[in-house]
Amino acid sequence: MEMDNDDEYAKLFRRMNPPRVVIDNEACDNATVIRVDSVNRHGTLLEVVQVIADLNLVIKKAYISSDGSWFMDVFNVTDCAGNKVTDKKITSYIQTTLESEECFYPTIRNSIGIVPTTEHTFIELTGTDRPGIMSDVCAVLANLKCNVTSAELWTHNTRVAAVVHITDGPTGKPIRDENRILEIKKLLCNVLTNGGTNNVRSAHTDVSVVMTHRERRLHQMMYGDRDFDCGESREEGCGPNVTVSDCAERGYTVVILRSKDRVKLLFDTVCTLTDMEYVVYHGMVSTENDEAYQEYYIRHVDGNPINSEAERERLIQCLEAAIERRTSEGLELELRTEDRVGLLSDITRIFRENGLTIKRAKVSTDGGAVVDTFYLSEASGNPVEAKTIEMIQTQIGQQVLQVKHNPFVKNSDKSSDEQGAGFFFLGNFFKHYPFPGFQLIRSCS
(Lines give C-alpha, C1' and ligand atoms only; values in the text may rest on other atoms or scores of the structure.)
Protein backbone atom coordinates (compact mmCIF):
# COMPACT_ATOMS: atom_id res chain seq x y z
CA MET A 1 0.00 0.00 0.00
CA GLU A 2 2.89 2.34 0.79
CA MET A 3 4.29 1.87 -2.70
CA ASP A 4 0.89 2.66 -4.22
CA ASN A 5 0.74 5.88 -2.19
CA ASP A 6 4.25 6.81 -3.32
CA ASP A 7 3.28 6.15 -6.94
CA GLU A 8 0.17 8.33 -6.63
CA TYR A 9 2.21 11.12 -5.04
CA ALA A 10 4.78 10.90 -7.86
CA LYS A 11 2.01 11.11 -10.47
CA LEU A 12 0.52 14.16 -8.77
CA PHE A 13 3.94 15.83 -8.54
CA ARG A 14 4.54 15.24 -12.26
CA ARG A 15 1.12 16.62 -13.20
CA MET A 16 1.80 19.74 -11.17
CA ASN A 17 5.26 20.11 -12.70
CA PRO A 18 5.08 19.10 -16.37
CA PRO A 19 8.26 19.10 -18.50
CA ARG A 20 9.09 22.43 -20.10
CA VAL A 21 11.19 22.84 -23.24
CA VAL A 22 12.40 26.14 -24.71
CA ILE A 23 14.09 26.25 -28.13
CA ASP A 24 15.98 29.49 -28.75
CA ASN A 25 17.71 30.54 -31.97
CA GLU A 26 18.64 34.00 -30.70
CA ALA A 27 20.67 33.27 -27.56
CA CYS A 28 23.72 31.92 -29.40
CA ASP A 29 25.37 33.12 -32.60
CA ASN A 30 26.27 29.72 -34.04
CA ALA A 31 23.90 27.18 -32.46
CA THR A 32 20.31 26.52 -31.46
CA VAL A 33 19.86 26.44 -27.68
CA ILE A 34 17.53 23.80 -26.21
CA ARG A 35 16.60 24.20 -22.53
CA VAL A 36 14.83 21.35 -20.74
CA ASP A 37 13.32 21.51 -17.23
CA SER A 38 11.46 18.55 -15.74
CA VAL A 39 10.91 16.36 -12.72
CA ASN A 40 13.95 14.14 -12.44
CA ARG A 41 14.19 10.36 -12.51
CA HIS A 42 16.92 7.92 -13.45
CA GLY A 43 17.21 7.94 -17.24
CA THR A 44 15.79 11.43 -17.85
CA LEU A 45 19.08 12.72 -19.29
CA LEU A 46 19.33 9.76 -21.65
CA GLU A 47 15.75 10.25 -22.86
CA VAL A 48 16.53 13.85 -23.82
CA VAL A 49 19.89 13.08 -25.46
CA GLN A 50 18.30 10.16 -27.33
CA VAL A 51 15.68 12.41 -28.94
CA ILE A 52 18.37 14.85 -30.11
CA ALA A 53 20.66 12.07 -31.34
CA ASP A 54 17.89 10.35 -33.30
CA LEU A 55 17.48 13.56 -35.32
CA ASN A 56 21.22 13.48 -36.15
CA LEU A 57 21.74 16.86 -34.52
CA VAL A 58 25.23 17.70 -33.29
CA ILE A 59 25.58 18.69 -29.64
CA LYS A 60 28.35 21.28 -29.47
CA LYS A 61 27.99 22.24 -25.83
CA ALA A 62 25.86 21.13 -22.90
CA TYR A 63 25.26 21.93 -19.25
CA ILE A 64 23.67 19.29 -17.03
CA SER A 65 22.22 19.60 -13.53
CA SER A 66 19.94 17.13 -11.77
CA ASP A 67 20.50 17.64 -8.08
CA GLY A 68 17.47 16.78 -5.98
CA SER A 69 14.18 16.04 -7.71
CA TRP A 70 14.55 18.51 -10.60
CA PHE A 71 16.33 18.08 -13.93
CA MET A 72 17.71 21.14 -15.77
CA ASP A 73 19.71 20.86 -18.97
CA VAL A 74 20.87 23.13 -21.78
CA PHE A 75 22.17 21.97 -25.16
CA ASN A 76 23.79 24.01 -27.92
CA VAL A 77 23.05 22.05 -31.11
CA THR A 78 23.49 22.36 -34.87
CA ASP A 79 22.59 20.26 -37.86
CA CYS A 80 25.27 18.12 -39.49
CA ALA A 81 26.31 21.04 -41.69
CA GLY A 82 27.02 23.21 -38.65
CA ASN A 83 23.94 25.42 -39.06
CA LYS A 84 21.27 26.38 -36.56
CA VAL A 85 18.15 24.21 -36.48
CA THR A 86 15.51 26.38 -38.16
CA ASP A 87 13.21 23.72 -39.63
CA LYS A 88 9.89 24.22 -37.83
CA LYS A 89 8.98 20.54 -38.19
CA ILE A 90 12.15 19.51 -36.35
CA THR A 91 11.89 22.10 -33.56
CA SER A 92 8.20 21.34 -33.10
CA TYR A 93 8.95 17.60 -32.93
CA ILE A 94 11.65 18.18 -30.30
CA GLN A 95 9.38 20.31 -28.14
CA THR A 96 6.32 18.08 -28.49
CA THR A 97 8.28 14.89 -27.82
CA LEU A 98 10.26 16.17 -24.85
CA GLU A 99 7.21 17.74 -23.23
CA SER A 100 5.14 14.56 -23.54
CA GLU A 101 4.66 12.22 -20.60
CA GLU A 102 5.35 9.30 -22.94
CA CYS A 103 8.96 10.50 -23.28
CA PHE A 104 9.72 11.00 -19.59
CA TYR A 105 7.26 8.61 -17.95
CA PRO A 106 6.29 5.93 -20.48
CA THR A 107 3.73 3.39 -19.31
CA ILE A 108 5.08 0.52 -21.43
CA ARG A 109 8.75 0.51 -20.64
CA ASN A 110 11.52 -1.63 -19.27
CA SER A 111 15.25 -1.20 -18.98
CA ILE A 112 15.77 -1.52 -22.72
CA GLY A 113 12.86 0.62 -23.88
CA ILE A 114 10.57 -2.02 -25.40
CA VAL A 115 7.28 -1.03 -27.02
CA PRO A 116 5.02 -3.18 -29.21
CA THR A 117 5.02 -2.96 -33.00
CA THR A 118 3.22 -4.74 -35.80
CA GLU A 119 5.55 -3.82 -38.67
CA HIS A 120 8.62 -6.03 -38.29
CA THR A 121 10.16 -9.01 -36.60
CA PHE A 122 13.33 -8.15 -34.69
CA ILE A 123 16.47 -10.25 -34.50
CA GLU A 124 19.31 -9.68 -32.03
CA LEU A 125 22.67 -11.36 -32.59
CA THR A 126 25.87 -11.42 -30.53
CA GLY A 127 28.95 -13.55 -30.98
CA THR A 128 32.59 -13.70 -32.01
CA ASP A 129 33.46 -11.50 -34.98
CA ARG A 130 35.01 -13.06 -38.08
CA PRO A 131 35.31 -12.14 -41.76
CA GLY A 132 32.09 -12.84 -43.67
CA ILE A 133 29.78 -13.19 -40.67
CA MET A 134 27.29 -10.60 -41.95
CA SER A 135 27.34 -12.23 -45.38
CA ASP A 136 26.48 -15.58 -43.78
CA VAL A 137 23.66 -14.07 -41.72
CA CYS A 138 22.17 -12.36 -44.78
CA ALA A 139 22.45 -15.53 -46.85
CA VAL A 140 20.55 -17.55 -44.23
CA LEU A 141 17.79 -14.94 -44.07
CA ALA A 142 17.53 -14.80 -47.87
CA ASN A 143 17.26 -18.62 -48.07
CA LEU A 144 14.48 -18.49 -45.48
CA LYS A 145 12.65 -15.91 -47.63
CA CYS A 146 13.10 -13.15 -45.05
CA ASN A 147 13.48 -9.58 -46.25
CA VAL A 148 15.84 -7.31 -44.27
CA THR A 149 14.15 -3.92 -43.99
CA SER A 150 16.75 -2.34 -41.72
CA ALA A 151 19.72 -3.41 -39.66
CA GLU A 152 22.69 -2.17 -37.71
CA LEU A 153 25.89 -4.08 -36.97
CA TRP A 154 28.77 -3.12 -34.70
CA THR A 155 32.08 -4.88 -34.10
CA HIS A 156 34.51 -4.20 -31.28
CA ASN A 157 37.31 -6.12 -29.58
CA THR A 158 36.63 -9.38 -31.48
CA ARG A 159 32.90 -9.24 -30.67
CA VAL A 160 29.97 -8.56 -32.99
CA ALA A 161 26.43 -7.40 -32.22
CA ALA A 162 23.59 -6.78 -34.67
CA VAL A 163 19.94 -5.79 -34.55
CA VAL A 164 18.05 -6.77 -37.71
CA HIS A 165 14.48 -5.93 -38.71
CA ILE A 166 12.91 -8.46 -41.06
CA THR A 167 9.60 -9.22 -42.70
CA ASP A 168 8.27 -12.22 -44.55
CA GLY A 169 9.50 -11.82 -48.16
CA PRO A 170 6.30 -12.89 -49.99
CA THR A 171 3.83 -10.98 -47.77
CA GLY A 172 5.89 -8.13 -46.30
CA LYS A 173 4.38 -8.83 -42.88
CA PRO A 174 6.06 -9.67 -39.54
CA ILE A 175 6.92 -13.31 -38.98
CA ARG A 176 4.90 -14.70 -36.09
CA ASP A 177 4.89 -18.45 -36.74
CA GLU A 178 6.67 -20.04 -33.78
CA ASN A 179 8.12 -22.95 -35.78
CA ARG A 180 9.58 -20.59 -38.37
CA ILE A 181 11.04 -18.36 -35.66
CA LEU A 182 12.67 -21.38 -34.03
CA GLU A 183 14.17 -22.36 -37.39
CA ILE A 184 15.56 -18.83 -37.90
CA LYS A 185 17.11 -18.85 -34.43
CA LYS A 186 18.65 -22.29 -34.90
CA LEU A 187 20.25 -21.50 -38.25
CA LEU A 188 21.52 -18.08 -37.19
CA CYS A 189 23.00 -19.49 -34.00
CA ASN A 190 24.81 -22.03 -36.18
CA VAL A 191 26.24 -19.13 -38.22
CA LEU A 192 27.42 -17.34 -35.08
CA THR A 193 29.29 -20.42 -33.90
CA ASN A 194 30.60 -21.08 -37.43
CA GLY A 195 28.95 -24.48 -37.60
CA GLY A 196 30.10 -25.32 -34.08
CA THR A 197 33.79 -25.06 -35.01
CA ASN A 198 34.48 -21.73 -33.29
CA ASN A 199 35.76 -21.69 -29.75
CA VAL A 200 33.57 -18.78 -28.75
CA ARG A 201 32.91 -17.24 -25.37
CA SER A 202 29.25 -16.80 -26.19
CA ALA A 203 26.83 -16.67 -29.08
CA HIS A 204 23.25 -15.56 -28.77
CA THR A 205 20.28 -15.17 -31.08
CA ASP A 206 16.89 -13.77 -30.15
CA VAL A 207 13.84 -13.25 -32.38
CA SER A 208 10.82 -11.23 -31.26
CA VAL A 209 8.03 -8.97 -32.48
CA VAL A 210 8.81 -6.10 -30.08
CA MET A 211 10.86 -3.01 -30.84
CA THR A 212 13.91 -1.68 -29.01
CA HIS A 213 15.83 1.53 -29.52
CA ARG A 214 18.37 -0.04 -31.80
CA GLU A 215 21.53 1.84 -30.87
CA ARG A 216 20.89 1.69 -27.14
CA ARG A 217 20.24 -2.01 -27.46
CA LEU A 218 23.55 -2.50 -29.34
CA HIS A 219 25.38 -0.85 -26.45
CA GLN A 220 23.61 -3.13 -24.00
CA MET A 221 24.36 -6.21 -26.05
CA MET A 222 28.05 -5.34 -26.39
CA TYR A 223 28.26 -4.52 -22.69
CA GLY A 224 26.50 -7.78 -21.79
CA ASP A 225 28.98 -9.62 -24.01
CA ARG A 226 31.87 -7.95 -22.12
CA ASP A 227 33.50 -6.45 -25.21
CA PHE A 228 35.17 -3.96 -22.86
CA ASP A 229 37.57 -6.49 -21.33
CA CYS A 230 38.71 -8.62 -24.25
CA GLY A 231 40.78 -6.15 -26.25
CA GLU A 232 44.53 -5.76 -26.48
CA SER A 233 46.23 -3.01 -24.51
CA ARG A 234 46.10 0.34 -26.29
CA GLU A 235 49.17 2.40 -27.10
CA GLU A 236 49.45 5.53 -24.99
CA GLY A 237 47.83 8.51 -26.69
CA CYS A 238 45.66 6.36 -28.98
CA GLY A 239 41.88 6.35 -28.75
CA PRO A 240 39.75 8.04 -26.07
CA ASN A 241 41.14 9.14 -22.73
CA VAL A 242 38.97 8.56 -19.65
CA THR A 243 39.88 9.47 -16.07
CA VAL A 244 37.86 8.76 -12.91
CA SER A 245 38.69 10.59 -9.68
CA ASP A 246 37.12 11.45 -6.31
CA CYS A 247 35.35 14.64 -5.25
CA ALA A 248 35.24 13.58 -1.63
CA GLU A 249 34.10 16.87 -0.09
CA ARG A 250 30.87 16.74 -2.11
CA GLY A 251 30.47 12.98 -2.34
CA TYR A 252 30.79 12.69 -6.12
CA THR A 253 32.93 10.69 -8.48
CA VAL A 254 34.32 12.87 -11.29
CA VAL A 255 34.54 11.39 -14.79
CA ILE A 256 36.45 13.26 -17.50
CA LEU A 257 36.48 12.08 -21.12
CA ARG A 258 38.57 13.41 -23.98
CA SER A 259 38.26 12.00 -27.48
CA LYS A 260 37.84 12.88 -31.11
CA ASP A 261 34.42 14.45 -31.57
CA ARG A 262 31.76 12.75 -33.68
CA VAL A 263 28.00 12.56 -34.06
CA LYS A 264 26.21 10.79 -31.16
CA LEU A 265 29.25 10.77 -28.89
CA LEU A 266 27.25 12.20 -25.98
CA PHE A 267 24.49 9.62 -26.50
CA ASP A 268 27.03 6.79 -26.36
CA THR A 269 28.59 7.93 -23.08
CA VAL A 270 25.32 8.86 -21.35
CA CYS A 271 23.77 5.58 -22.48
CA THR A 272 26.61 3.64 -20.87
CA LEU A 273 26.52 5.61 -17.61
CA THR A 274 22.74 5.11 -17.39
CA ASP A 275 22.80 1.39 -18.10
CA MET A 276 25.63 0.93 -15.60
CA GLU A 277 23.26 2.58 -13.09
CA TYR A 278 25.16 5.79 -12.53
CA VAL A 279 23.36 9.11 -12.09
CA VAL A 280 24.83 12.30 -13.59
CA TYR A 281 24.23 15.10 -11.06
CA HIS A 282 26.21 17.79 -12.86
CA GLY A 283 28.12 17.87 -16.09
CA MET A 284 29.44 19.85 -18.99
CA VAL A 285 30.20 18.99 -22.60
CA SER A 286 32.29 20.99 -25.05
CA THR A 287 33.91 20.67 -28.46
CA GLU A 288 36.87 22.56 -29.87
CA ASN A 289 37.72 21.89 -33.50
CA ASP A 290 37.14 18.13 -33.69
CA GLU A 291 38.08 17.35 -30.09
CA ALA A 292 35.42 16.59 -27.46
CA TYR A 293 35.57 17.17 -23.70
CA GLN A 294 33.00 15.74 -21.29
CA GLU A 295 32.96 16.14 -17.52
CA TYR A 296 30.48 14.42 -15.21
CA TYR A 297 29.85 14.41 -11.45
CA ILE A 298 28.21 11.07 -10.76
CA ARG A 299 27.03 8.68 -8.08
CA HIS A 300 25.64 5.18 -8.24
CA VAL A 301 21.83 4.94 -8.11
CA ASP A 302 22.16 3.96 -4.45
CA GLY A 303 23.58 7.46 -3.80
CA ASN A 304 27.18 6.39 -3.22
CA PRO A 305 30.25 7.45 -5.23
CA ILE A 306 32.67 4.86 -6.59
CA ASN A 307 34.63 3.46 -3.67
CA SER A 308 36.87 0.76 -5.14
CA GLU A 309 39.69 0.69 -7.66
CA ALA A 310 38.11 -2.30 -9.44
CA GLU A 311 34.85 -0.39 -10.04
CA ARG A 312 36.82 2.66 -11.17
CA GLU A 313 38.78 0.63 -13.71
CA ARG A 314 35.65 -1.11 -14.97
CA LEU A 315 33.92 2.23 -15.60
CA ILE A 316 36.95 3.50 -17.52
CA GLN A 317 37.00 0.37 -19.68
CA CYS A 318 33.26 0.52 -20.37
CA LEU A 319 33.29 4.20 -21.36
CA GLU A 320 36.28 3.67 -23.65
CA ALA A 321 34.45 0.75 -25.27
CA ALA A 322 31.26 2.82 -25.66
CA ILE A 323 33.20 5.51 -27.53
CA GLU A 324 35.08 3.03 -29.72
CA ARG A 325 32.11 0.89 -30.81
CA ARG A 326 30.76 3.52 -33.17
CA THR A 327 34.18 4.80 -34.23
CA SER A 328 35.13 3.42 -37.65
CA GLU A 329 38.44 4.17 -39.30
CA GLY A 330 37.82 1.97 -42.32
CA LEU A 331 36.61 2.66 -45.83
CA GLU A 332 33.06 4.07 -45.86
CA LEU A 333 30.80 3.09 -48.76
CA GLU A 334 27.21 4.13 -49.37
CA LEU A 335 24.73 2.04 -51.34
CA ARG A 336 21.64 3.67 -52.87
CA THR A 337 19.31 1.62 -55.03
CA GLU A 338 15.85 0.05 -55.24
CA ASP A 339 15.04 -2.55 -52.63
CA ARG A 340 14.49 -6.21 -53.40
CA VAL A 341 14.50 -9.46 -51.44
CA GLY A 342 18.05 -10.83 -51.17
CA LEU A 343 19.78 -7.54 -52.08
CA LEU A 344 21.74 -7.33 -48.82
CA SER A 345 22.82 -10.96 -49.20
CA ASP A 346 24.20 -10.23 -52.68
CA ILE A 347 26.03 -7.07 -51.60
CA THR A 348 27.68 -8.62 -48.54
CA ARG A 349 28.68 -11.67 -50.59
CA ILE A 350 30.49 -9.42 -53.09
CA PHE A 351 32.35 -7.72 -50.24
CA ARG A 352 33.37 -11.10 -48.87
CA GLU A 353 34.49 -12.47 -52.23
CA ASN A 354 36.76 -9.45 -52.61
CA GLY A 355 38.44 -10.07 -49.27
CA LEU A 356 36.68 -7.30 -47.34
CA THR A 357 35.27 -7.53 -43.84
CA ILE A 358 32.47 -5.33 -42.49
CA LYS A 359 33.45 -3.44 -39.34
CA ARG A 360 30.17 -1.56 -39.00
CA ALA A 361 27.00 -1.29 -41.07
CA LYS A 362 23.71 0.56 -41.12
CA VAL A 363 20.92 -0.65 -43.42
CA SER A 364 17.65 1.18 -44.06
CA THR A 365 14.78 1.15 -46.54
CA ASP A 366 12.18 3.82 -47.15
CA GLY A 367 9.44 3.65 -49.75
CA GLY A 368 11.17 0.92 -51.74
CA ALA A 369 14.54 2.73 -51.75
CA VAL A 370 17.64 1.43 -49.99
CA VAL A 371 20.27 3.58 -48.28
CA ASP A 372 22.99 1.43 -46.74
CA THR A 373 26.31 2.49 -45.21
CA PHE A 374 29.19 0.06 -44.78
CA TYR A 375 32.54 0.52 -43.05
CA LEU A 376 35.04 -1.93 -44.48
CA SER A 377 38.62 -3.11 -44.18
CA GLU A 378 40.57 -6.00 -45.62
CA ALA A 379 40.26 -9.19 -43.61
CA SER A 380 43.97 -8.86 -42.79
CA GLY A 381 43.36 -5.40 -41.35
CA ASN A 382 45.28 -3.66 -44.12
CA PRO A 383 43.89 -0.62 -46.00
CA VAL A 384 41.52 -1.43 -48.86
CA GLU A 385 43.39 -1.07 -52.13
CA ALA A 386 42.07 1.21 -54.88
CA LYS A 387 41.81 -1.67 -57.34
CA THR A 388 39.56 -3.56 -54.88
CA ILE A 389 37.26 -0.56 -54.56
CA GLU A 390 37.06 -0.23 -58.35
CA MET A 391 36.31 -3.94 -58.68
CA ILE A 392 33.38 -3.97 -56.30
CA GLN A 393 32.02 -0.73 -57.75
CA THR A 394 32.13 -2.36 -61.19
CA GLN A 395 30.26 -5.41 -59.89
CA ILE A 396 27.61 -3.44 -57.99
CA GLY A 397 27.48 -0.26 -60.09
CA GLN A 398 29.43 3.01 -60.01
CA GLN A 399 26.31 5.10 -59.40
CA VAL A 400 24.83 2.63 -56.92
CA LEU A 401 27.88 2.25 -54.66
CA GLN A 402 29.92 5.34 -53.86
CA VAL A 403 32.91 6.05 -51.64
CA LYS A 404 31.87 8.41 -48.84
CA HIS A 405 35.16 8.41 -46.95
CA ASN A 406 38.52 6.76 -47.46
CA PRO A 407 40.84 7.44 -44.48
CA PHE A 408 43.81 6.08 -46.39
CA VAL A 409 43.70 8.80 -49.04
CA LYS A 410 46.23 11.46 -48.07
CA ASN A 411 45.31 15.13 -47.81
CA SER A 412 41.59 14.39 -47.92
CA ASP A 413 39.45 17.46 -47.39
CA LYS A 414 37.50 17.79 -44.21
CA SER A 415 33.90 18.88 -44.44
CA SER A 416 32.84 22.06 -42.73
CA ASP A 417 30.74 20.18 -40.18
CA GLU A 418 33.92 18.68 -38.72
CA GLN A 419 34.92 22.11 -37.44
CA GLY A 420 33.78 22.35 -33.82
CA ALA A 421 32.60 25.32 -31.85
CA GLY A 422 34.78 27.20 -29.36
CA PHE A 423 35.60 25.71 -25.96
CA PHE A 424 32.88 25.92 -23.34
CA PHE A 425 33.52 27.60 -19.99
CA LEU A 426 30.92 27.22 -17.25
CA GLY A 427 31.46 30.70 -15.83
CA ASN A 428 30.51 32.48 -19.06
CA PHE A 429 27.69 30.05 -19.68
CA PHE A 430 25.87 30.84 -16.44
CA LYS A 431 25.84 34.54 -17.28
CA HIS A 432 23.49 33.66 -20.14
CA TYR A 433 21.68 30.65 -18.67
CA PRO A 434 21.42 31.09 -14.89
CA PHE A 435 19.69 28.37 -12.88
CA PRO A 436 18.57 28.94 -9.28
CA GLY A 437 20.17 26.81 -6.62
CA PHE A 438 23.15 25.60 -8.69
CA GLN A 439 26.57 25.90 -7.10
CA LEU A 440 29.74 25.72 -9.15
CA ILE A 441 31.59 22.57 -8.11
CA ARG A 442 34.43 22.51 -10.62
CA SER A 443 36.94 23.09 -7.82
CA CYS A 444 36.41 19.47 -6.79
CA SER A 445 38.18 18.11 -9.87
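1. Let's start with the register in the β15/β17 pair of this predicted model. Leucine 331 has leucine 376 of β17 as its bridge partner. That contact belongs to a ladder of eight bridges between β15 (residues 331-338) and β17, and the two strands run antiparallel.

2. β17 also pairs with β16 (residues 356-366), again in the antiparallel sense, this time over 10 bridges. For a register check here, look at arginine 360, which has tyrosine 375 in β17 as its bridge partner. The hairpin that links β16 and β17 has two residues between the strands, and glycine 367 takes a positive phi near 60° there.

3. How many of the 10 residues of β17 are buried? Eight of them are, so this strand (residues 369-378) is largely enclosed by the rest of the structure. As background, side chains in a regular strand alternate between the two faces of the sheet.

4. Threonine 373 is a handy residue to click on, as it sits in β17. Its relative accessibility comes out at 15%, and the cut-off for buried is under 20%, so threonine 373 counts as buried. Leaving aside residues up to four places away in sequence, threonine 373 touches Glu332, Leu333 and Glu334, along with Arg360, Ala361 and Lys362. Of the strands already mentioned, β15 spans residues 331-338 and β16 spans residues 356-366, if you want to place those contacts.

5. Now for the eight-stranded sheet. It is open, its pairing is antiparallel, and the order reads β1-β2-β4-β3-β13-β14-β12-β11. Which strands stand at the edges? They are β1 (20-24) and β11 (241-247); each has a single partner strand, so one side of each is left without a neighbour in the sheet. From one strand to the next, the twist averages 20°.

6. Within that sheet, β3 (residues 58-65) and β4 (residues 70-78) form an antiparallel pair with seven bridges. Serine 65 is the residue to look for here, standing opposite methionine 72 in β4.

7. Two helices lie across strands of this sheet. Helix α2 (residues 44-54) lies across β2 (32-39), β3, β4 and β13 (278-288), and runs at about 20° to β4. Helix α9 (residues 309-325) lies across β11, β12 (252-260), β13 and β14 (291-300), at about 145° to β11. Strand β13 turns up in the list for α2 and in the list for α9.

8. On to helix-helix packing. At what angle do α5 (residues 133-143) and α6 (residues 178-192) pack? The angle is about 160°, with the axes 10 Å apart. The cut-off for roughly antiparallel is over 145 degrees, and α5 and α6 therefore fall into that class. The crossing of α5 past α6 is right-handed.

9. As for what makes up that contact, α5 brings Ile133, Asp136, Val137, Val140 and Leu141, which meet Ile184, Leu187, Leu188, Val191 and Leu192 of α6. By class, that gives nine nonpolar residues, no polar ones and one charged residue.

10. Last, a second threonine. Is threonine 86 buried or exposed? At 58% relative accessibility, threonine 86 counts as exposed. Threonine 86 is in the loop between β4 and α3 (88-98). Threonine 86 and aspartate 24 lie 62 residues apart in sequence, with their C-alpha atoms 9.9 Å apart in space.

Terms used:
Residues are numbered from 1 along each chain as its sequence is written. This is a predicted model: local features need pLDDT of at least 70, side-chain atom pairs count only at pLDDT 80 or more; totals for chains, interfaces and linings use all residues. Side-chain values use heavy atoms; hydrogens and water are left out. Two strands pair if DSSP finds at least two bridges between them. Helices (H or I, at least four residues) and strands (E, at least two) are DSSP runs, numbered from the N terminus. Axes are lines fitted to C-alpha atoms, for helices over the stretch in contact, and angles run from 0 to 180 degrees between N-to-C directions. Contact means heavy atoms within 4.5 Å. Angles under 35 degrees count as roughly parallel, over 145 as roughly antiparallel, 65 to 115 as roughly perpendicular and the rest as oblique. A crossing is left-handed if the near helix is turned anticlockwise from the far one by less than a right angle, and right-handed if clockwise. Ala, Val, Leu, Ile, Met, Phe, Trp, Tyr, Cys and Pro count as nonpolar, Asp, Glu, Lys and Arg as charged, and the others, Gly among them, as polar. Buried means under 20% relative accessible area, exposed over 50%, partly exposed in between (1.4 Å probe, protein chains only).
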